Amino acid sequence: RALGDAYLVHLRHGDDVRPATPETVIRKGDRLTFTGRSVALDRLLAQPGLERAVAPVTAETTATLPLYEAVIAPSSALVGRTLKEIDFRERYQGVVLAVRRQDTALDGALGRTPLLAGDLLLVEATPGFDRRWNQRRDEFYLVAPRRDARPRASSGKAGLALGILVGVVAVAALDLASIVTTSFVGALAMMATGCLSSRDASRSVDLPVLVVIAAALGLGRAIEGTGLAEFGASAITGPASAFGPLGVIAAVYITTSLLTEIITNNAAAALMVGVGLAASAQVGAPPEAFAVAVAVAASASFLTPIGYQTNMMVMAPGGYRFADFFRTGLIVNLLVGIVALTMIALLWL
């Protein structure tokens, strides 16, 4: 800790690699791995009992603990504070090896650099770090293992997998069965033929997303049952009714689009679908027109990086700033809105 511009990451005793903590006891023969500026190496070698590692470099001697990439959320306790202030190693059970902000990798003493929302952290930690912190979206938008870019070995069943995919789409396109049924049967066929292992299939199920969708449906039903939908519909349809049904649909679309930039798409859709259906009853327009307007507007989140999680995920790696999203997203939002409202008018009005 006294080095200032370098610190101990982990240590190796034989084949055992362990993270370094204040309670870790260092033994004779341990190989210590530090991160920081190279000028700290001379000071390290000047310490009694430390010498440069001269063992041959092999896969065993260079193996480390797993590496993870984590994107800091705006609500995280890390925002505006340094790694040293937050005591990152003890609080998060990991060591930050590097920080990337927009298009720049931060250098210098990382422990004394205030962090910002959207910063991308390279963290070395024990297995399970991603599962533990992906459950805390208030701290990190995303925590993903960093793996070597190695192509997965082919199982020789690519043609079979492609055939199953074509069959799923073809049966649904010919209206022989619903896409839900064909997709479910296709997934079972992938597992039965060995194209997909049961382990990979279970990992593909994102339980938090399913819970959010189910909760959103319940919230939407509550909004309808309590009369909040009718109240919101009246507030929207009143000023916009002078422009006819299309004007009311446009008002619903704009309201949903603005909400999704602030409270995310799932919440915006849950709040506005009941309002849209109530507005359709008041103006006598097809409910499908309002439902499509809400669905498209809730998915068109391009103005801000906080409107959708993937926006924040690409902010740091892509080197984007908040103004970049607004400058380019405004044009995209307008184009999507014009196309959506035009198609709604042609199909349902």
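User: Before we look at the nonpolar patch, how are helices such as helix 15 defined here?

Analyst: Helices are DSSP runs of H or I with at least four residues, numbered from the N terminus. One thing to keep in mind is that this is a predicted model. Here, helix 15 spans residues 322–348 and gives the most to the nonpolar patch, with five residues.

User: Thanks! Which residues form that patch on the surface?

Analyst: Leu246, Val339, Met343, Leu346, Leu347, Trp348 and Leu349 make it up, and together they have about 670 Å² of accessible area. Leu349 lies in the segment after helix 15.

User: Why does Leu349 count as partly exposed?

Analyst: The class between buried and exposed runs from 20% to 50% relative accessible area. Leu349 has 43% relative accessibility, so partly exposed is the label for this residue.

User: On to the sheets. What is the strand order in the open sheet of three strands?

Analyst: The order is 2-1-3, and the pairing is antiparallel. Strand 2 (16–19) and strand 3 (31–36) are the edge strands, each pairing on one side only. From one strand to the next, the twist averages 30°.

User: How many bridges join strand 1 and strand 2?

Analyst: Strand 1, residues 6–13, pairs with strand 2 over four bridges in the antiparallel sense. Within that pairing, Leu11 stands opposite Arg18 in strand 2.

User: And which strands are at the edges of the open sheet of five strands?

Analyst: That sheet has the order 6-5-7-4-8, again with antiparallel pairing. Its edge strands are strand 6 (104–105) and strand 8 (140–145). Strand 5 (residues 94–101) meets strand 6 over two antiparallel bridges, and Arg100 stands opposite Ala105 in strand 6.

Key. Residues are numbered from 1 along each chain as its sequence is written. This is a predicted model: local features need pLDDT of at least 70, side-chain atom pairs count only at pLDDT 80 or more; totals for chains, interfaces and linings use all residues. Side-chain values use heavy atoms; hydrogens and water are left out. Patches are made of residues with over 30% relative accessible area and no salt bridge: like charges are joined within 9 Å, nonpolar side chains (Val, Leu, Ile, Met, Phe, Trp, Tyr) within 5 Å. Accessible areas come from the Shrake-Rupley method with a 1.4 Å probe; for residues, only the protein chains shown count as cover. A salt bridge is a side-chain nitrogen of Lys or Arg within 4 Å of a carboxyl oxygen of Asp or Glu. Buried means under 20% relative accessible area, exposed over 50%, partly exposed in between (1.4 Å probe, protein chains only). Two strands pair if DSSP finds at least two bridges between them. Axes are lines fitted to C-alpha atoms, for helices over the stretch in contact, and angles run from 0 to 180 degrees between N-to-C directions.
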